[in-house]
Amino acid sequence: MDKPLFEYLLRLGDTTLILSQRLSEWCGHGPALEEDLALTNTALDLLGQARMWLTLAGEVEGAGRDEDALAYFRHAHEFRNLILVERPNGHYGDTLARQFLFDVWHYFLLQRLAQSADERVAAIAAKSLKEVTYHVRRSSDLVVRLGDGTAQSHQRMQDAVDDAWRHTGELFNDDEIDRDMAARGIGCELAALCEPWLAHVREVLAEATLKLPDLAEAGHAAHQGGRQGRHTEALSYVLAEMQSLPRAYPGAVW
């Protein structure tokens with residue numbers, strides 16, 4: 001088994017899976033019908049991407065685990081998702097701030113992965129990039145609408161961005177697996193994504209009349225470790241709900 005590649009694929013699959021689960025919690029509770037449907041569709045896009053990454057991870061592992069086994073029968077410490085995506089939804093502005101900061105990073109990551117030396121990785125990334133291009137446009141537009149809206153929506157959006165910002169350091173923190181994947185031409189160094197990510201985020205926040213948090217703030221790098229299996233208690237609650245049915249009825253099919 002190619003252990004570094006397996007771990008790398010889990011990071012991609014787990015991150016999209018957990019964010020999809022979080023977004024699905026809004027289904028039927030959105031502030032407007034159109035937005036309810038749009039956010040649910042984003043969740044479905046991410047779920048589809050998670051399925052592709054986890055299926056490939058199972059193939060690379062070669063232990064007979066498929067996407068379902070990897071999604072439903074691992075414990076919290078075995079998940080490799082970013083801490084940013086496991087955070088509770090909060091109010092709608094909190095969800096949008098998290099989504100916006102993630103979408104922009106996800107877009108630039110998939111751009112790089114679409115050029116991967118591994119044809120399987122490149123194919124999944126290229127397909128996902130088409131969906132994520134829409135995700136970025138949508139979340140950017142909504143941040144602008146709320147940030148440059150009423151005094152109340154502006155302040156709530158600023159607070160949401162400031163809060164989510166504390167968890168963005170992990171997006172650009174390379175470890176041995178990232179460096180190995182980059183050296184082999186399969187992945188890329190996350191640090192290289194920071195400049196284009198920051199440029200886009202700065203542009204959108206300026207249009208939204210929101211203040212860009214300081215990258216140098218200690219909090220920017222304070223919340224990390226999710227990709228190495230160190231999570232907040234929030235992930236356990238997500239998994240308890242997501243995994244309850246297949247664990248109660250293992251092997252059940254529709």
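Here a colleague asks a modeller how the descriptions of this predicted model were reached.

Colleague: Before we start, what should I know about the model and its numbering?

Modeller: This is a predicted model, where local features need pLDDT of at least 70, side-chain atom pairs count only at pLDDT 80 or more, and totals for chains, interfaces and linings use all residues. Residues are numbered from 1 along each chain as its sequence is written, and side-chain values use heavy atoms, with hydrogens and water left out.

Colleague: What is the mean pLDDT of the protein?

Modeller: pLDDT is the predictor's confidence in each residue, on a scale from 0 to 100. The mean for the protein is 93, and 96% of its residues reach 70 or more. Among the elements, helix α1 (residues 3-24) has the highest mean, 98, and helix α2 (residues 33-61) the lowest, 93.

Colleague: How many helices and strands are there?

Modeller: The protein has 10 helices and 0 strands. Those names rest on DSSP runs, numbered from the N terminus: H or I over at least four residues for a helix, E over at least two for a strand.

Colleague: What makes the protein as compact as a globular protein of that length?

Modeller: Its radius of gyration is 18 Å, close to the 18 Å that the globule rule gives for 254 residues, so the protein is as compact as a globular protein of that length. The radius is taken over C-alpha atoms, and the rule is 2.2 Å times the number of residues to the power 0.38. Along the principal axes, the C-alpha atoms fill a box of roughly 55 × 40 × 30 Å.

Colleague: Why does Ala125 count as buried?

Modeller: Buried means under 20% relative accessible area, exposed means over 50%, and partly exposed is in between, with a 1.4 Å probe and protein chains only. Ala125, in helix α6, has 0% relative accessibility, so this residue counts as buried. Of the 254 residues of the protein, 52% count as buried.

Colleague: What does Ala125 touch?

Modeller: Leaving out residues up to four places away in sequence, Ala125 touches Trp53, Leu110, Leu113 and Ala114. A contact here means heavy atoms within 4.5 Å.

Colleague: Why is Arg138 called buried, although it is an arginine?

Modeller: The label follows the area: Arg138 has 8% relative accessibility, so this residue counts as buried. Arg138 lies in helix α6 and, beyond residues up to four places away, touches Glu35, Ala38, Leu39, Thr42, Tyr92 and Leu96.

Colleague: And why is Arg120 called partly exposed?

Modeller: Arg120 has a relative accessible area of 41%, so the partly exposed label applies. Arg120 is placed in helix α6 (residues 119-147). Setting aside neighbours within four places in sequence, Arg120 is in contact with Leu5, Leu56 and Val60.

Colleague: Is Leu12 buried or exposed?

Modeller: Leu12 comes out at 11% relative accessibility, so it counts as buried. This residue of helix α1 touches Trp53, Leu109 and Leu113, not counting residues up to four places away. The C-alpha atoms of Leu12 and Arg80 are separated by 8.1 Å, with their positions 68 residues apart along the chain.

Colleague: How much of the contact in the protein links residues 24 or more positions apart?

Modeller: Such pairs account for 80% of the contacts with a separation of 6 or more.

Colleague: Which residue has a positive phi although it is not a glycine?

Modeller: That is Thr209, with a phi of about 60 degrees. Thr209 is found in the loop between α9 (194-207) and α10 (233-248). Its relative accessible area is 42%, so Thr209 is partly exposed.

Colleague: How far apart are the mean positions of the positive and negative charges?

Modeller: They are 2 Å apart, for 25 positive and 39 negative charges. Lys and Arg count as positive, Asp and Glu as negative, while His and the chain ends are not counted. Each charge is placed at NZ of Lys, CZ of Arg, CG of Asp or CD of Glu.
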